Amino acid sequence: MNTTIRGTTRLLGAALRTLLVLTLVCGVLYPLTVMGIGQALFNHQANGSEITTDGKVVGSSLIGQRYDLPLKKGQETPEPDLKWFQPRPSNGLGTNTVNTQYKLLLSGATNRAGDNEELIQWVKDAKAAVIKDNSVDGYQVKPSDVPPDAVTSSGSGLDPAISPQYADIQIHRIAKLNNLPVTKVQNLVNQHTDDRILGFIGEPRVNVLELNIALKALAQK
């Protein structure tokens, strides 16, 4: 009996010591080490890739955001503020405006098939809106000018970037609404166009938030 009790006590003691050691290593030391490495070597990424302007955090370079006018009475979705470059449409909320609402809880694909009638109508409505909103002062956007990312969402629905082609067809509208020369807005887009990663991964892209921050600075000069 005593032998059994002593054996059980030793097993419980060993289990308790193992629990304490693993808790210390896995629950304290490892997280602190990883956090320390992240803060020391990848501070910007570890803190959410925040973008700051005028001393305030205005967003993340990894998450798209909308640019809207105040919601009017009777509206379910506010109208886009067209003086800013607009991002891709987001998932699950329709695409009858240049951009729709980004909601983190709705991140993910719609899972609608390519022949889904509702999806097809969303794309048609979005394309018509892009053509209408960006055809200004004699500049006419043709249906063939509208790139896919202007009328479809990304897989997550939160993509922060658009294609240079989508940015280009917005230039004349942006120039007019901000009283800027078209050439200056074009140069702004060119400066904020990133090439493929390592020269072959992905596609050229423009971060909409960073572009709009630069646009604001240019318009205030």
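**Exercise 1. Determine the handedness of the crossing between helix 4 and helix 5 in this predicted model, and describe how the two helices pack.**

Solution. Begin with the handedness: in this predicted model, helix 4 and helix 5 cross in a right-handed manner. Next, consider which descriptors are needed, since two packed helices are described by the angle between their axes and the distance between the axes. For helix 4 (residues 164-177) and helix 5 (residues 182-191), the angle is about 140° and the axes lie 9 Å apart. Finally, identify the residues that meet: helix 4 contributes Ala-167, Asp-168, Ile-171, His-172, Ile-174 and Ala-175, and on the side of helix 5 these meet Val-182, Val-185, Gln-186 and Val-189.

**Exercise 2. Find how many salt bridges the whole structure holds, and work out for the pair Arg-88 and Asp-159 which parts of the chain are linked.**

Solution. A search of the whole structure gives five salt bridges. One of them joins the side chains of Arg-88 and Asp-159, with an N to O distance of 3.8 Å, which falls within the 4 Å cut-off for a salt bridge. This pair links distant parts of the chain, 71 residues apart, with Arg-88 in the loop between strand 2 (56-60) and helix 3 (117-134) and Asp-159 in the loop between helix 3 and strand 3 (161-162). The accessibility of each partner is then compared with the cut-offs: Arg-88 has a relative accessibility of 14% and so counts as buried, because buried means under 20%, whereas Asp-159, with a relative accessible area of 23%, is partly exposed.

**Exercise 3. For the salt bridges of Lys-72 with Glu-79 and of Glu-203 with Arg-196, state how far apart the closest N and O atoms are, and classify each residue as buried, partly exposed or exposed.**

Solution. Take the pair of Lys-72 and Glu-79, in which the closest N and O atoms are 3.7 Å apart. Lys-72 has a relative accessible area of 47% and is therefore partly exposed, and Glu-79, at 33%, is also partly exposed. In the pair of Glu-203 and Arg-196, the closest N and O atoms are 2.9 Å apart. Here Glu-203 is exposed, with a relative accessible area of 52%, while Arg-196 is partly exposed, with a relative accessible area of 36%.

**Exercise 4. Ser-49 and Asp-54 each have a positive phi; locate each residue and decide whether it is buried or exposed.**

Solution. Ser-49 is not a glycine, yet its phi is positive, near 50°, and the residue lies in the loop between helix 2 (43-46) and strand 1 (50-53). Its relative accessibility is 4%, so Ser-49 counts as buried. Beyond its neighbours within four places in sequence, Ser-49 is in contact with His-44, Gly-59, Ser-60, Ser-61 and Leu-62. Asp-54, also not a glycine, has a phi of about 55° and is found in the loop between strand 1 and strand 2. With 64% relative accessibility, Asp-54 counts as exposed.

**Exercise 5. Name the residues of the nonpolar surface patch that contains Val-28, and place Val-28 in the structure.**

Solution. The patch is formed by Val-21, Leu-24, Val-25, Val-28, Leu-29, Leu-32 and Met-35, which together have about 600 Å² of accessible area. Val-28 belongs to helix 1 (residues 2-41). With a relative accessible area of 35%, Val-28 is partly exposed, and this value meets the requirement that residues of a patch have over 30% relative accessible area.

How values were computed: Residues are numbered from 1 along each chain as its sequence is written. This is a predicted model: local features need pLDDT of at least 70, side-chain atom pairs count only at pLDDT 80 or more; totals for chains, interfaces and linings use all residues. Side-chain values use heavy atoms; hydrogens and water are left out. Patches are made of residues with over 30% relative accessible area and no salt bridge: like charges are joined within 9 Å, nonpolar side chains (Val, Leu, Ile, Met, Phe, Trp, Tyr) within 5 Å. Accessible areas come from the Shrake-Rupley method with a 1.4 Å probe; for residues, only the protein chains shown count as cover. Helices (H or I, at least four residues) and strands (E, at least two) are DSSP runs, numbered from the N terminus. Buried means under 20% relative accessible area, exposed over 50%, partly exposed in between (1.4 Å probe, protein chains only). Axes are lines fitted to C-alpha atoms, for helices over the stretch in contact, and angles run from 0 to 180 degrees between N-to-C directions. A crossing is left-handed if the near helix is turned anticlockwise from the far one by less than a right angle, and right-handed if clockwise. Contact means heavy atoms within 4.5 Å.
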